[in-house]
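Subject: The structure I promised you

Hi,

Here is the structure we talked about, with some notes on what turned up when I went through it. Have it open while you read.

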Amino acid sequence: MGNFDLAVKAAMMLSHPQPPITSSSLLHFVLESAKEALALAAAKGNKAAKASEFVLYPDAPHAFHADYRASFRAGPAADGWSRAIAWLKQYV
């Protein structure tokens, strides 16, 4: 399944959640198209979906957080990790 297909599926989930989204989401992306599609879907969703944050890492490849892979990027990984921890502290 391509990245565009995944973005479309995720956008459909945000715009027509089954079951409804009950908290915001924090999603990290490499593709601008995925970020845009999900942001549009979230804008049409419920209050939780509208509180979602979409972060784009344009220079980071897939699996940029995996420090055991050649795709690892320290800067985006550190930023993503700190954002994830902040999101968990706020919503969990």
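Let's start with one residue: where in the chain is Ser71 placed? Look in the loop that runs between strand 2 (53-56) and helix 4 (74-91), and you'll find Ser71 there. Before going on, keep in mind that this is a predicted model.

Being in a loop might make you wonder about the surroundings of Ser71. Is Ser71 buried or exposed? Ser71 counts as buried, because its relative accessibility is 12% and the cut-off for buried is under 20%. If you set aside the neighbours within four places in sequence, Ser71 is in contact with Pro61, His62, Ala63 and Phe64. With Ala63 there is also a specific atom to look for: the side chain of Ser71 reaches the backbone oxygen of Ala63 at 3.0 Å.

Now zoom out for a moment. The chain has 4 helices and 2 strands, and starting from the N terminus the elements go α-β-α-α-β-α. There are 92 residues in the chain, and 28% of them count as buried. Take the contacts between residues at least 6 apart in sequence: 62% of these join residues at least 24 apart. As for the outside, the chain exposes about 6100 Å², with carbon and sulfur atoms supplying 61% of that area.

Back to Phe64, one of the contacts of Ser71. How many aromatic pairs are there? The count is 1. Tyr57 and Phe64 make up this pair, with their ring centres 5.0 Å apart and an angle of 50° between the planes, and it is classed as tilted. Both partners are buried: Tyr57 has a relative accessibility of 8%, and Phe64 has a relative accessible area of 9%.

Next, the charged side chains. The structure has 2 salt bridges, and Arg83 is a good place to begin. Arg83 forms a salt bridge with Glu53, and the closest N and O atoms are 2.4 Å apart. Why does this pair tie together parts that are 30 residues apart in sequence? Because Arg83 sits in helix 4 while Glu53 sits in strand 2.

Arg83 also meets Asp79 in a salt bridge, at 2.8 Å from N to O. Here both residues belong to helix 4, and they are 4 residues apart, about one turn of the helix. Put the pieces together and Glu53, Asp79 and Arg83 are linked in a network of salt bridges.

Are these charged residues hidden away? Each has a value you can check: Arg83 is partly exposed at 29% relative accessible area, Glu53 is partly exposed at 35%, and Asp79 is partly exposed at 28%.

One last stop, on the surface. Which residues make the nonpolar surface patch of about 300 Å²? Leu88, Tyr91 and Val92 do. Tyr91 is placed in helix 4, and with a relative accessible area of 33% it counts as partly exposed.

If you want a route through the model, try Ser71 in its loop, then the tilted pair of Tyr57 and Phe64, then the network of Glu53, Asp79 and Arg83, and finish at the patch with Leu88, Tyr91 and Val92.

Have fun with it!

How values were computed:
Residues numbered from 1 in each chain as written. Predicted model: local features only at pLDDT ≥ 70, side-chain atom pairs only at ≥ 80, totals over all residues. Heavy atoms only, no water. Phe/Tyr/Trp six-rings, centres within 6.5 Å; stacked < 30°, edge-to-face > 60°. Buried < 20%, exposed > 50% of the residue type's maximum accessible area, 1.4 Å probe, protein only. Polar contact = N/O pair within 3.5 Å; in protein donor to acceptor, adjacent residues only side chain to side chain. Contact = heavy atoms within 4.5 Å. Patch = residues over 30% accessible without salt bridge, like charges linked within 9 Å, V, L, I, M, F, W, Y side chains within 5 Å. Areas by Shrake-Rupley, 256 points an atom, 1.4 Å probe, with all protein chains shown as cover. Salt bridge = Lys/Arg side-chain N within 4 Å of Asp/Glu carboxyl O.
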